[in-house]
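Grab a viewer and work through these exercises with the structure open. Each one has a task, then a solution in steps.

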Amino acid sequence: MNRRVVITGIGLITPIGLTKEANWKSILAGKSGVGPITRFDASCFDAQIAGEVKGFEPSQFIEKRELKKMDRFIQYAIAATTEALDDSGLKITAENAERIGVIVGSGMGGIETISHYDSICRDQGPKRVSPFFVPSCVINLAPGQISIKTGAKGPNFSPVSACATGTHAIGEAFHIIKRGEADAIIAGGAEATIIPLAIAGFGNMRALSTRNDAPEKASRPFDFERDGFVMGEGAGILILEELEHAEKRGARIYAELIGFGMNSDAYHSTAPTPDGSGAARCLELTLASAGIKKEEVDYINAHGTSTLVNDVMETKAIKLAFGEHARKILISSTKSMTGHLLGAAGAVETAYSALTIYHQIAPPTINLENPDPECDLDYVPNEARKAPIKVAINNSFGFGSTNACVALQKYQS
């Protein structure tokens, strides 16, 4: 069964924009979405900056009486889905609903709601905990609420794999469509973790940047002066369709999804294998899945977290997987602009990779002013670059030694 899978719709809610178009405009301009934390008083925290979503009005997408039943990560997922479906033109009807699925994950789910009701339970007693608490924070209620809103009755679940979540969601959707178990899937990830508990937890791991005096310069992947990642939030949703299904309705195709690889370093709960061998093997699995040679890859959207460990490891991994061709690949970390969206990162960055192919422009890695000598590949520093890009790969690596990569190709009938 040779079923091809294409991307026909994109929805994005991120610190650099509330729509696909706003995101891409910010990407090409090299605009940072990082600033001082405004959600709470962060003055006592070492890290006082984050990539917050600004100007989001959930009531534009969700009935007000339903909002109390949904943590912000679910609200972001529904909003991004609304845009993605509108963008694709895909209509879910009684006739096709059972052939359309929803696979949307999150790394930490409703941690804001959990933290809120834990405080209420402790301070005011158990009777004050809302009956909507559990369904408002459980991770699989993101795809659950999307299916309820849209009527999609196909496969419905949430992968949870830390910072690789969004990419795993897209990869699983890819395989399900290829196997013939669905004709279209709403796939991606959502995250909303800019709360005191999460900032304290990641901060005490020394994972976060503390460049509080220059927040827009804080996320600086592959730069020698990087000092940690910047927390971001939002959602990325893609509409994946079987090619003939998309062609029959005259859908616009951003890119074809051609390969997916996943594996484990089996090394450490929070750190990757320093030599990059685990990530390199994941890249090799992705190439094999896509049936392409390493020399065919033109662009990589790197995991590129701006942490001391990841950026060196990822550089080594790309060199191991691609050999001399690594120096010919355009590589960028869009986290330099959005911050790190954790479970949503892989989906957002796969969307950026599809737009990179569609527009034939590689996003920049901003704030790359003093390159780390150990990070010596072409990271498209500071300015977007027009280039012929036929094949792109998105890298995602997560806590728990988990790795996931997807390969996209310029669509050709």
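**Exercise 1: a salt bridge and its surroundings**

Is Asp223 buried or exposed, going by its relative accessibility? The model is a predicted one, so treat the values as computed from it. Then look up its salt-bridge partner and do the same there.

Solution.
- Step 1. Asp223 has a relative accessibility of 0%. The cut-off for buried is under 20%, so Asp223 counts as buried.
- Step 2. Its side chain meets that of Arg220 in a salt bridge, at 3.2 Å from N to O.
- Step 3. Arg220 has a relative accessible area of 2%, so Arg220 is buried as well.

**Exercise 2: two more bridges**

Work out which parts of the chain the salt bridge between Glu233 and Arg72 ties together, and classify Arg65 and Glu66 by accessibility.

Solution.
- Step 1. The closest N and O atoms of Glu233 and Arg72 are 2.6 Å apart.
- Step 2. Glu233 sits in the loop between H8 and S7, while Arg72 belongs to helix H3 (residues 72-88), so the bridge ties together parts that are 161 residues apart in sequence.
- Step 3. Both Glu233 and Arg72 are buried.
- Step 4. Now take Arg65 and Glu66, whose side chains form a salt bridge at 3.1 Å, N to O. Arg65 comes out at 57%, so it counts as exposed. Glu66 comes out at 19%, so it counts as buried.
- Step 5. For the wider tally, the structure holds 24 salt bridges. Lys20, Glu21, Asp87 and Arg252 are linked in a network of them.

**Exercise 3: stacked or tilted?**

Sort the aromatic pairs Phe202–Phe399 and Phe222–Tyr379 by the angle between their planes, then place the four rings in the chain.

Solution.
- Step 1. A search of the whole structure turns up 8 aromatic pairs. In one of them, Phe202 and Phe399, the ring centres are 6.2 Å apart and the planes make 35 degrees, so this pair is tilted.
- Step 2. Phe202 is in helix H8 (residues 196-204) and Phe399 in the loop between S13 and S14, which puts the partners 197 residues apart.
- Step 3. Phe202 has 10% relative accessibility, so it is buried. Phe399 has 33%, so it is partly exposed.
- Step 4. For Phe222 and Tyr379, the centres are 3.9 Å apart with 10 degrees between the planes, and the pair is stacked.
- Step 5. Phe222 lies in the loop between H8 and strand S7 (234-242), and Tyr379 in the loop between strand S11 (361-362) and strand S12 (385-386), so the pair ties together parts that are 157 residues apart in sequence.
- Step 6. At 1%, Phe222 is buried; at 3%, so is Tyr379.
- Step 7. Elsewhere, Phe56, Phe61 and Tyr76 form one aromatic cluster.

**Exercise 4: the largest pocket**

How many residues line the largest pocket, and which are closest to its centre?

Solution.
- Step 1. The largest pocket holds about 510 Å³ of space.
- Step 2. Its lining has 27 residues, and those closest to the centre are Thr270, Thr307, Val309, Asn310 and Phe399.
- Step 3. Helix H11 (308-322), strand S13 (391-398) and strand S14 (402-409) each give two or more residues to the lining. H11 gives the most, with 4 residues.
- Step 4. By class, the lining has 13 nonpolar, 11 polar and 3 charged residues.

**Exercise 5: a helix and some positive phi values**

Compare the span of helix H7 (residues 165-178) with the expected one, then find where Gln360 and Asn367 sit.

Solution.
- Step 1. H7 has 14 residues and reaches 20 Å from its first C-alpha to its last, close to the 20 Å expected at 1.5 Å a residue.
- Step 2. Of those 14 residues, 11 are buried, so H7 is largely enclosed by the rest of the structure.
- Step 3. Just after H7, Gly180 takes a positive phi of about 85 degrees.
- Step 4. Most residues other than glycine have a negative phi. Gln360, with a phi near 60 degrees, is a non-glycine with a positive value; it is found in the loop between helix H13 (345-359) and S11.
- Step 5. Asn367 also has a positive phi, about 65 degrees, without being a glycine. Asn367 is in the loop between S11 and S12, and at 5% relative accessibility it counts as buried.

Conventions: Residues are numbered from 1 along each chain as its sequence is written. This is a predicted model: local features need pLDDT of at least 70, side-chain atom pairs count only at pLDDT 80 or more; totals for chains, interfaces and linings use all residues. Side-chain values use heavy atoms; hydrogens and water are left out. On a 1 Å grid over the protein atoms alone, a cavity is a set of points where a 1.4 Å probe fits but cannot get out, and a pocket is an open set with protein on both sides within 12 Å along at least five of seven lines; lining residues have an atom within 4 Å of a point. Grid points are joined across faces, edges and corners, and a volume is the space filled by probe spheres set on the points. Ala, Val, Leu, Ile, Met, Phe, Trp, Tyr, Cys and Pro count as nonpolar, Asp, Glu, Lys and Arg as charged, and the others, Gly among them, as polar. Rings of Phe, Tyr and Trp (its six-membered ring) pair if their centres lie within 6.5 Å; planes under 30 degrees apart count as stacked, over 60 as edge-to-face and the rest as tilted. Buried means under 20% relative accessible area, exposed over 50%, partly exposed in between (1.4 Å probe, protein chains only). A salt bridge is a side-chain nitrogen of Lys or Arg within 4 Å of a carboxyl oxygen of Asp or Glu. The expected span of a helix is 1.5 Å times one less than its number of residues.
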